[in-house]
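Please go through the questions and answers below with the model open.

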Amino acid sequence: MKTKALLLTLLTTAVLSVNAQEASNPRVFIYSPNERAGLHIAQQTDNGWQEIGQLCSSDYGTWGAEKRMYHPSVCRVNDGTWRLVFQVNDRSPLFAAAYSKDLVNWRPQDYPILKAKGCLAPVVIGNPDNSCYIYYKTSGGQKRRITASADFRHFTDDRAWPVDDQLWEPDTATIGGKLMEGCRYEVTAAELKTITDHFARQAADWQLSQERMYDDGKNLSGLQPVRATLTVSKEEKAISDKLIGIFFEDISYAADGGLYAEMVQNRDFEYIPKDHRGWNATTAWSASKPISVVQVDPLSENNPHYAVLGNDTIYNEGWDGFAVKAGEKYDFSMFVRNIDGKKDFTIQLVDSNRVVIAKATLKTQGEAWQRYETVLTARQTCDKARLAVIGQKDTKAGIDIVSLFPQATFKNRKNGLRKDLAQVIADLKPKFIRFPGGCMSHGQGLENIYHWNHTVGPLQDRKPDFNIWGYHQTRGLGFFEFFQFCEDIGAEPLPVLAAGVPCQNSANNRDGIGGQQGGIPMAEMPAYVQELLDLIDWANGDPATSQWAKMRADAGHPAPFNLKYIGIGNEDIIGTTFEERYEMICKAIRQKYPDIKICGTVGPFHTPSADYLEGWDFTKKHPDLQYMVDEHYYESTGWFMHHRDYYDGYDRSMPKVYLGEYAASTQVKRPNVETALAEALYLTDIERNGDIVEMTSYAPMLAKDGHHNWDPDMIYFSNTEVRPTPAYETQRLFSVYGGDRYIASTLSGVPDHLKHRLGASVVRDSKTGRRYLKLVNALPVALTITLNGLTIPEGSRMEGFNGQPEDQKVDVKSEEARGGEVTLPPYAFRVIKL
Ligand code: AHR
């Protein structure tokens, strides 16, 4: 690159990368075809420059609007490793920096924050000691220089620096007929081979991942029924007894409007445009004249807005209407503050013709805020009723936290959960519940990080916030309710909280800093760490000695919740900002609560993604910091079927794995028999690797009709229906029929090209002595398995489903199993209870 020549004269200390190499060495050109395309590499051939592939892409900021790479500059330092810097936009006071040993794997990007606004066209130059200088221009036209440490993690001494414009003159190459700007380098033949091998592997993997059961009519036509032998040995190993759990996130209206049984939407008049464009304090409310919303003497400083009613009627539309059933009772409550005397209210549920289907009255008095309640009994069933709050006479009163709950909540709890939805979840018998998210945990920017302590205590004092998924969190379903639900269904709580960094896809803040936004400032980290320690105290402490534990007791749970796990971080960029904060948090928890099992994160994607590699590197360097790490991957059915050995090579001496988010999908983006079978196949191998994989949870779990942020999901629902999918049945069968001992078995007699379509696993539950044999046939023909070393006792039952790959609904059948042979129909999953 031209900068090399310039710098020889400019900086006597600067090093050239690999110019000393043989002239015959391969030449590569590193460039970005356009700002959305990321960093590419091309190779010089006799026919000119030929594209090889994409090396990495921008990880900065929000999807869509950001994730751009402008003016990438790459240099090779003395030790042969590579440095990359690029501009992310023209206004943010930062640039992107990444490091690679081989150009193939790049360490997750850091975004060093600069003094000047707008960092344009940064250029990186290596020094003999492997440190680098990065020169950049500001949007104001100034030239500046910053020094990067040899590990390319620390960036200091940002100052104005006069430098010749020649530094910014790029190398060029014509690729695919277009003149591109970039950096030219020589590499060794072995280095080039590493690069081309990587792309060949990637292409082969992509090809395998394209396999779909939908296409079997074409690809497996003429296939005859298959016979196989399952040889079950006496060899056993201990596996996790918590393999199947659930991941709850308030996405797609899973909490507010979903599992949380509150029927009034915007009950606290706290909706704001940040929740959703166009929303305000009266969203979901209507009246014949403007509704007055004020903030004088509020019910709570965390809930500053409330409505003032005179002789008015205001209607709430609920969450797509109020679905009520004839004869059922509903608890109505609201806080009232009389402004000029006493006030009576009539509360009604009305149908779309304004016919009153439930009615009650409330008498209120006193200027101080007070909670009033009454019960409405529905006279008829209606799926889309409205709630009317009718102020009698002209006297004025403020109303807030207007609430309606069915009395029949799950376990009849007050402030409870929707019974039908919670029951379907309970029927899965999850061994743990991870909550409250996902992206919702680390939040959209620093200010939206989920603080557990904002979600406990009296409802009116909880702090609502916007939800990263484009709506509002009341926090009515808060940490107390999550822990109580865990206890109610016998699941371990696994709260997951931010590692001091928000979601890497966060938008720019006021200072133009997006992504992780530099993390919680180090000076504020001790307070954040304390907040996490307080959670453990709140959950497990003694109310006699701890104010947090007393709060739990006051809420109705004097006994400890017996919290054992805590998750720190959610698929974050495992950059320097993350690692510094994560380490600090883990050390503090380990020191104060050595028995708490910490779950870390290794980014949003499987190997060989940058965050996965760096996350595991970090974990292996600090094995005693965490008990396990959370892996996430959403992939095609083909990918799952061809990566069933994923955990076979994991180092058993290292922290364990929590596969915290995964789902197989097809182009239809709905769970069907194909995705459920791919997941079942994969789970047979997870059971086999249950000595290193401690927990798994399908994601996302819930999605409300008409409000999907994400597909596929495990359970779809409306106000009146709950529809578990085939994915749910796979999870349920693995969970209900799980064990803590894995009994080794081998499936033989199957042609190699069909092996990835068949699965078998035998587990034993040492507490009950029951054994379970799971068999998966993802072929379009019947599969007959001869059992060797295992007999099916008389009277054994077999449960499972089968169908066509595209079926989105399955009937789970239970039938008798007998003999030494089992036949599965095409596309089937069965569990035999031995
Ligand atoms: O499960 C949906 C989202 O997927 C989660 O919020 C996030 O962790 C992941 O990207």
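Contact means heavy atoms within 4.5 Å. Helices (H or I, at least four residues) and strands (E, at least two) are DSSP runs, numbered from the N terminus. This is a predicted model, in which local features need pLDDT of at least 70, side-chain atom pairs count only at pLDDT 80 or more, and totals for chains, interfaces and linings use all residues. Residues are numbered from 1 along each chain as its sequence is written, and side-chain values use heavy atoms, with hydrogens and water left out.

Q: Which elements do the buried residues of α9 pack against?
A: Buried means under 20% relative accessible area, exposed over 50%, partly exposed in between (1.4 Å probe, protein chains only). Among the buried residues of α9 are Phe578, Tyr582 and Ile589. The buried set packs against α7 (525-540), β30 (565-568), β31 (597-601) and α10 (610-621).

Q: Which strands stand at the edges of the open sheet?
A: Two strands pair if DSSP finds at least two bridges between them. The 9 strands run in the order β43-β42-β45-β40-β39-β38-β13-β41-β44, with mixed pairing. A single partner leaves one side of a strand without a neighbour in the sheet, so the edges are β43 (813-817) and β44 (821-824).

Q: What is the bridge partner of Tyr772 in β45?
A: β40 (residues 771-777) and β45 (residues 828-833) pair in the antiparallel sense, over 6 bridges. In β45, Tyr772 has as its bridge partner Lys833.

Q: At about what angle does α12 run to β39?
A: Axes are lines fitted to C-alpha atoms, for helices over the stretch in contact, and angles run from 0 to 180 degrees between N-to-C directions. Helix α12 (residues 673-688) lies across strands including β13 (226-238) and β39 (758-764), and its angle to β39 is about 45 degrees.
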